[in-house]
Amino acid sequence: DPLPNHIKVDVKETAEAFILDAEIPGATKENIDVDIEGNVVTIRTHISQMDSEKNEQHKLLRTERYYGELSRSFQLATDIDKDNSRARYEHGILTLTLNKKQKTVGQRLHIE
């Protein structure tokens, strides 16, 4: 199959985190980069696939190669706590658990 022209993403939200499933068939986890800047998440990958068919004598009849860079950026409603977020890549699906950054409550300064 030819490369998809973009990364398909499903986003779910819980009270504590955004859970993101990104479909990236043909990638390896070493070729996937996830950048988080505030509430903006960017997924980038480089994919290379090779399909080939051979006959009984193992003479090469057809070979097709697909190379491509894919990236996808999106903005979430809340800033992400990078240090407490997780990423897993399994069976062509990248699953990100992006914990929401807890808002720091302003503290009143004690006057001596």
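This text leads through an antiparallel sheet, two buried residues and the ring contacts of the structure.

The model is predicted, so local features are given only at pLDDT of at least 70 and side-chain atom pairs only at pLDDT 80 or more, while totals for chains, interfaces and linings use all residues. Residues are numbered from 1 along each chain as its sequence is written, and side-chain values rest on heavy atoms, with hydrogens and water left out.

The sheet is a suitable starting point. Strands of a sheet pair through backbone hydrogen bonds, either parallel or antiparallel. Here, four strands form an open sheet in the order E1-E2-E7-E6, with antiparallel pairing. Strands are DSSP runs of E with at least two residues, numbered from the N terminus, and two of them pair if DSSP finds at least two bridges between them. Strand E1 (8-13) and strand E6 (86-90) stand at the edges; each has a single partner strand, so one side of each is left without a neighbour in the sheet. On average, neighbouring strands of this sheet are turned by 15° against each other, direction ignored; the axes behind such angles are lines fitted to C-alpha atoms, and angles run from 0 to 180 degrees between N-to-C directions.

Within the sheet, a hairpin of three residues joins E1 to E2. These two strands run antiparallel and are joined by six bridges; Lys-12 has Ile-19 in E2 as its bridge partner. Strand E2 (residues 17-23) is in turn joined to strand E7 (residues 93-99) by seven bridges, again antiparallel. Phe-18 has Leu-98 in E7 as its bridge partner.

Phe-18 also takes part in a ring contact. The charged end of Lys-100 sits over the ring of Phe-18, 5.0 Å from its centre; this requires NZ of Lys or CZ of Arg within 6 Å of the ring centre and within 35 degrees of the ring normal.

Leu-98 leads on to Ser-85, which touches Ile-80, Thr-97, Leu-98 and Asn-99, not counting residues up to four places away in sequence (contact means heavy atoms within 4.5 Å). Ser-85 is placed in the loop between E5 and E6. With a relative accessible area of 18%, Ser-85 is buried, a term that means under 20%, with exposed over 50% and partly exposed in between (1.4 Å probe, protein chains only). The side chain of Ser-85 reaches the backbone nitrogen of Asn-99 at 3.0 Å.

Gly-68 lies in strand E5 (residues 60-75). Gly-68 counts as buried because its relative accessibility is 15%. Gly-68 and Ser-48 are 20 residues apart in sequence, and their C-alpha atoms are 6.5 Å apart in space.

Methods: A polar contact is a pair of N or O atoms within 3.5 Å; within protein, one must be able to donate a hydrogen and the other to accept it, and residues adjacent in sequence count only if both atoms are side-chain atoms.
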